[in-house]
Amino acid sequence: MIGIAASAGGLEAISQLLNALPTDTGASYVIAQHMSPTHKSLMLTLLARETELPIEEIGTGTIPARNTIYLTPPNSDVVMQDGKLSLAKPLGSTGAPKPSADRLFATLAENSGEMAIGIVLSGTGSDGSYGVQAIREAGGITIAQDVSSAKYDGMPVSAAETGCVDLVLSPTQIGQHIGKILAEPRDFEALTRINENPSKMSDLLQILLARTRVDFREYKESTIQRRIQRRMVALGIDDYEDYVRHCRASTTETDALFKDLLISVTRFFRDPDEFESLVPTIAALAESDTNRPIRVWVAGCATGEEAYSIAMMVAEALGGPEHISKERVQIFATDIDKGALERARLGEYPQSALNDVPESYREKYFLLREGRVVMRPELRAVILFSLHNVIQDPPFINVDLVSLRNLLIYFNTRLQERVLGRVYHALSSRGFLFLGRSETIGSLEVDFEPLPDTNRLFRRRAVTRKGLDGPARAALQSDMFWAGRMPAIQSGSGSDVDREMFDTLARSLATNAVLVTAQQDIVRVYGDISPFIELTEASNLNLRLSLLRKPFRDEARSLCIISLKKGERKRGLKQPFEGADFTHIRLEAIPLRLKDAAERYALITIQTYVEEGDETPGEALADNGGDERVRQLQADVATAREALQQTVEELQTSNEELQSVNEELQSTNEELQASNEELETSNEELQSTNEELITVNEELQVNSAELDATRSELEAVLDASPMAILVINSALQINRASDPAQTLFKLPANYIDLHLGECEVPEGFPNLIEIASQVFSSRQTYERSFRQANGVFSIVCAPYATSSGQVRGVNLVINQIESAAMFETRAALAQLEMVQELADVAHFELDVTSNHLKWSGKVFDIHGLDRSVKAPTVEEAIRFYHEDDRDRVAAAVRSAVEQGKPFAFRLRLRRADGKIIKVESQGRPLFDDHGNPSSLVGIFRQLPDDAEIGA
């Protein structure tokens, strides 16, 4: 299902889109064009000329057909319910846009999920901005018209500013891209099997980590795969490796994927029933008699709607917006999406956002400004929007309410417990936790108690187990790197005194007792209950009443349930139980209910007795009508005899076992003596090992110093290198650059982490991004030479890896082989050589630096030498001239080299066969970039015998 929203200027944009739209995509199109409610629309007639697809006007209960376009009639909204398109009465004020694109998009997202596409075209206002967020959250694709092609850019710009738009294209490009997205089914099976080769996924996550400093490795793999798949569909990329290369080469796409993974989408009063259940809790916080402000933490606040929703509820509890202030309320709203936080701080939203706000709140807390709604300044003043990573950064402390809605669903179980552990530490002693509809506290049910009549609201337990044995505190223990930096909470508060008094009272009721919840979890132990605990291999190791021994395990459960149900103390029967200083025990359950606590507790006391027998004669009891008592005592005696007999047998067995144990202890004693000797030996070995460790430490210190020196040397080499060298990480960001590289690519002073695509690459250079991406994919070194306006260059791109073989980046080295002047000279010489061969003229070249002389083949012929022999040195070449002419030749060459003057002469030459001939030579020097002669080039030919000679 594809929804198309447009307003002013939309007819032209829709026409262009339909004109470019393929006719066989298999999709259904719904157009929500803002129109006057009182004028008849000609849209259907006008658009029918632009496309071959059938166009229909939506009626009541229209079932969408494939490859069909549906128009919304004036003065109606269109919604999708149960697979049907239906007309609905417009919501909002009289001046609200009709039909509402936000409403259409929201219902498409709800019914079609990831198969929905939302398109926002030309128009004024902000309609569609909230709808694209709903489609983005559901996994669909969102597209906005680019500003340059839109007659009115209000709607597309507002949609793009939400950060939830995947593509920004012209209407024609949108039509073409829709065809590309829907052209054929896409096979993402390789992406779903990505866990079989973790390095593939880690490459992309490493790019995200290098670019954003956010680690997504503990997010749910299904969520990450689904978001990657969504981006690939939006871009029309089928192969995962191609997408990884695209992310390396494009910072824009890396940022887009980062925003997609964050899913910064929210609404005012999302899940109204859940917020309704929060009202009594906020009212209780507002009525509490404390000397400090109400503290609320909204984690993962996205664009701020949830934070403002809670702020409105707190303001209502305090008496209205005029009663809320920083002194009474502190709300911390945090997220890792900078763009979303900037929009949250503005507090401006599309007018359609009011559809989610209760009517009683709309006029009180919102102001209308240029077609948008703005939060009241009183609310914005009490909310602090801050960039904060709930996974890594230290949590806030002493918070009364933490809203952690729709955030845990993206984390794996381990990360969920870690985050909840931080929340446990952040909450005050009786603080509340507010979760989303699909979230639970999991294994932390011992630390958080659910509030009655609510599904997603929990309260930190007032009574907790001693020690770090709960899941929340275990999570804290694994995160002590930040816990150590938290300010200490002052002791001696009223709650601590009350707790101490309660513990004292509990111990006065019975020496041994346990405090349990209504679910029979043991949260506190008083005294020593080990004699009454039974642990076997079949035991459940959870700390519950089920750990008690069988004779009174069931009775303890019954007493706990009955006492809590009736709110009365319940005593059990006196039961025989042999202990160290008692023979009978009796259980008693005392119901407890803490002040302002939703959950009840029961104190199970274990009272011990010593029975010495009844000294009253049986006859006296009979005379006094105690027959029943006698029979009971006789039955008790019989039972006691059986228990005694069983005890005797057990004692005999125990005696035998003790004898066996004694023998084992003697054997163990001998083993311990041997172990002692071994420990003494081990001690000596440890001392020796300690000395070795000291030596190793000294070696490590030496190695560290050597590494520092090596690093300094490498940095010096890099700084002094005449070549342009770039060190690039996996996200194609520059980690290090030599001075020539900084000059060549015009890098700023703070170039660290600058993306390769942001460098000013000189004209004529190859695509460095493609080269680096190719090296990352192939793990092979890339080399080539190329010519540019300033000369001939060589480029070498090589990967570098860790000791484990993981490629961490590439080194890019660019070196100028020769200058443009030298290249042109060589080219000119090659052309000259061809001309000279045709004109029967020889030429030569002398390298001034190496004093190397190069002759053309014709020079060899004139000297009467074989062309295959090596060219002579300068001195040997001068000796070929006549004895009387040699000084002139040497002076001409020296003048050209030292003074840069050209020369020309006609002199006599003695060939290798001894024949004297007349020759003519002309030469001139060539200069390097510093103005110094670098070589001497010239021509050489034989003259007729009657030619005149002379210098």
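This passage describes aromatic pairs, charges over rings, a nonpolar surface patch and the surroundings of one asparagine in a predicted model.

A search of the whole structure finds 24 aromatic pairs. One of them is formed by Tyr-308 and Phe-385, whose rings are 5.6 Å apart from centre to centre, with an angle of 55° between the planes, and this pair is tilted. The two partners come from distant parts of the chain, since Tyr-308 belongs to helix H13 (residues 305-318) and Phe-385 to strand S15 (residues 383-387), with their positions 77 residues apart in the numbering. Both Tyr-308 and Phe-385 are buried. These two residues also belong to a cluster, in which ring pairs link Phe-268, Tyr-308, Tyr-349, Phe-366 and Phe-385.

A further pair is made by Phe-765 and Phe-793, whose ring centres are 5.4 Å apart and whose planes meet at 50°, so that this pair is tilted; an angle counts as tilted because planes under 30 degrees apart would be stacked and those over 60 would be edge-to-face. This pair, too, links distant parts of the chain: Phe-765 is placed in the loop between helix H24 (739-744) and helix H25 (768-778), whereas Phe-793 is part of strand S29 (residues 791-801), and the two are 28 residues apart. Phe-765 has a relative accessible area of 11% and is therefore buried, and Phe-793, with a relative accessible area of 7%, is buried as well.

Aromatic rings also take part in arrangements with charged side chains. Arg-460 lies over the face of Tyr-424, at a distance of 4.1 Å from the ring centre. In another such arrangement, the charged end of Lys-574 is positioned over the ring of Tyr-609, 4.5 Å from the centre of that ring.

At the surface, Leu-11, Leu-42 and Leu-46 together make a nonpolar patch of about 240 Å². Of these residues, Leu-11 is located in helix H1 (residues 10-20), and its relative accessible area of 32% makes Leu-11 partly exposed.

The last residue considered is Asn-406, which is found in the loop between strand S16 (399-404) and helix H17 (413-426). Although Asn-406 is in a loop, its relative accessibility is 18%, so Asn-406 counts as buried, the cut-off for this class being under 20%. When residues up to four places away in sequence are not counted, Asn-406 touches Arg-270, Gly-436, Arg-437 and Glu-439.

Conventions
Residues numbered from 1 in each chain as written. Predicted model: local features only at pLDDT ≥ 70, side-chain atom pairs only at ≥ 80, totals over all residues. Heavy atoms only, no water. Phe/Tyr/Trp six-rings, centres within 6.5 Å; stacked < 30°, edge-to-face > 60°. Helix = DSSP H or I, 4+ residues; strand = E, 2+ residues; numbered from the N terminus. Buried < 20%, exposed > 50% of the residue type's maximum accessible area, 1.4 Å probe, protein only. Lys NZ or Arg CZ within 6 Å of the ring centre and 35° of its normal. Patch = residues over 30% accessible without salt bridge, like charges linked within 9 Å, V, L, I, M, F, W, Y side chains within 5 Å. Areas by Shrake-Rupley, 256 points an atom, 1.4 Å probe, with all protein chains shown as cover. Salt bridge = Lys/Arg side-chain N within 4 Å of Asp/Glu carboxyl O. Contact = heavy atoms within 4.5 Å.
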